[in-house]
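Subject: Structure for you to look at

Hello,

Here is the structure I said I would pass on. Please open it first, then read the notes below with it on the screen.

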Amino acid sequence: MAHQTIKEIEALLQTMEDANHPVIKELQKDQRKGVQQALKRWQKKQEKQAQLEVDFQIRNKYEQQLYDENITLIGGVDEVGRGPLAGPVVAACVILDPSQPILGLNDSKQLSAARRKQLVDTINERALAVTITQATPEEIDRLNIYQATKLAMERAVAELNHPVEHLLIDAMTIAVDIPQQSIIKGDTHSNSIAAASIIAKEYRDQLMTDFSQQYPAYDFDSNMGYGTSAHLAALRKVGICPIHRRSFEPIKSMVQQ
């Protein structure tokens, strides 16, 4: 392959997957520094891909147990936004397609914003169903955050326009007439729950970014409603706005003054 340029070899490597392919064996003998550098980059990419496949199988344990029982329509349910001082709690339900695995799913907090956006697009393209719902700040104040979270999750399941046989839920049980399993830290242990986590987080982050245009004093586009020092300083300076949770401190004490 000595007659091929480095650029041509790099293009060829993009089409290769098997480390035992004769072409790879031949390139390993090529003494050109550029070829060896291209080969190292290819090998690193293959190792990363292999690890993603291993991680997918590890996080597919609960799904695989159900597949083995001929249960394939599995809804992963998760929420984001329990802790912030402002904004809704958002829940999502995702039914993944077993025939179209999505590598790289994980707890949304463990992923970069760019990676989450990529995965949102992939989930929306490949999943059998995706729903996003919320419980408002008013509902959080009226019900408490735990009950409001359950309500948002129940709404996410209720809005499914696709049959579902079983639910995998992150650390909760909900009042729906569908077999379900609560999994502690489910967004790190289940691909379905991880997908729901990613969908919910991206939706809520965009929602809070939009709210920052309406209520610019609080920097919602950077803190997502959490009680950062800048957010708390804004509360002391300008008071609360309509999307603040009045049952959360220090807002609760401010309202009672």
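**A cysteine in a strand**

Cys-93 sits in strand S2, which covers residues 89-95. Please keep in mind throughout that this is a predicted model. The relative accessible area of Cys-93 is 0%, and a residue counts as buried under 20%, so Cys-93 is buried. Which residues is Cys-93 in contact with, leaving aside its neighbours within four places in sequence? They are Gly-75, Gly-76, Val-77, Ala-129, Val-130, Thr-131, Ala-156, Val-157 and Leu-160. You can also check a distance here: the C-alpha atoms of Cys-93 and Arg-155 are separated by 9.3 Å, with their positions 62 residues apart along the chain.

**The chain as a whole**

The protein chain contains 12 helices and 5 strands. Its radius of gyration is 23 Å, whereas the globule rule gives 18 Å for 257 residues; the value is well over the rule, so the chain is more spread out than a compact globule. Along the principal axes, the C-alpha atoms fill a box of roughly 80 × 50 × 25 Å.

Of the 257 residues in the chain, 46% are buried. The area that the chain exposes is about 13,500 Å², and 50% of that area is supplied by carbon and sulfur atoms. For contacts between residues at least 6 apart in sequence, 62% join residues at least 24 apart.

The charged side chains were counted too. There are 29 positive and 33 negative ones, and the centres of the two sets lie 8 Å apart.

**Two lysines**

Lys-201 and Lys-237 are worth viewing one after the other. Lys-201 is part of helix H9, residues 191-214, and Lys-237 is part of helix H11, residues 229-238. Which of the labels, buried or exposed, goes with Lys-201? Lys-201 is buried, because its relative accessible area is 18% and the cut-off is 20%. Lys-237 has 73% relative accessibility and therefore counts as exposed.

Not counting residues up to four places away in sequence, Lys-201 touches Val-80, Ser-108 and Arg-116. For Lys-237, there is a C-alpha distance to try: Val-164 is 73 residues away along the chain, and the two C-alpha atoms are separated by 49 Å.

**A leucine in helix H5**

Leu-119 belongs to helix H5, residues 113-126. Leu-119 is buried, with a relative accessible area of 1%. Apart from neighbours within four places in sequence, Leu-119 is in contact with Ile-102, Leu-103, Gly-104, Leu-105, Leu-111 and Ile-198. Ser-108 is 11 residues from Leu-119 in sequence, and the distance between them is 9.9 Å, C-alpha to C-alpha.

**Aromatic rings**

A pair of aromatic rings is described by the distance of the centres and the angle of the planes. How many aromatic pairs does a search of the whole structure find? The search finds 2. One of them joins Tyr-218 and Phe-220: the ring centres are 5.3 Å apart and the planes are at 15°, so this pair is stacked. Planes under 30 degrees apart are what "stacked" requires. Tyr-218 and Phe-220 are both buried.

**Unusual backbone points**

Most residues other than glycine have a negative phi, and most peptide bonds are trans. Here are some places that depart from this.

- Asp-219 is not a glycine, yet its phi is positive, at about 55°. Asp-219 lies in the loop between H9 and helix H10 (220-223). Its relative accessibility is 33%, so Asp-219 counts as partly exposed.
- Met-224 is not a glycine either, and has a positive phi of about 55°. Met-224 is in the loop between H10 and H11. With a relative accessible area of 15%, Met-224 is buried.
- The peptide bond from Glu-249 to Pro-250 is cis, and its omega is near 5°. Pro-250 is placed in the loop between H11 and helix H12 (251-256).

That is what was found. Please write back if any part is unclear.

Regards

How values were computed: Residues are numbered from 1 along each chain as its sequence is written. This is a predicted model: local features need pLDDT of at least 70, side-chain atom pairs count only at pLDDT 80 or more; totals for chains, interfaces and linings use all residues. Side-chain values use heavy atoms; hydrogens and water are left out. Helices (H or I, at least four residues) and strands (E, at least two) are DSSP runs, numbered from the N terminus. The radius of gyration is taken over C-alpha atoms; the globule rule is 2.2 Å times the number of residues to the power 0.38. Buried means under 20% relative accessible area, exposed over 50%, partly exposed in between (1.4 Å probe, protein chains only). Contact means heavy atoms within 4.5 Å. Accessible areas come from the Shrake-Rupley method with a 1.4 Å probe; for residues, only the protein chains shown count as cover. Lys and Arg count as positive and Asp and Glu as negative; His and the chain ends are not counted. The place of a charge is taken as NZ of Lys, CZ of Arg, CG of Asp or CD of Glu. Rings of Phe, Tyr and Trp (its six-membered ring) pair if their centres lie within 6.5 Å; planes under 30 degrees apart count as stacked, over 60 as edge-to-face and the rest as tilted.
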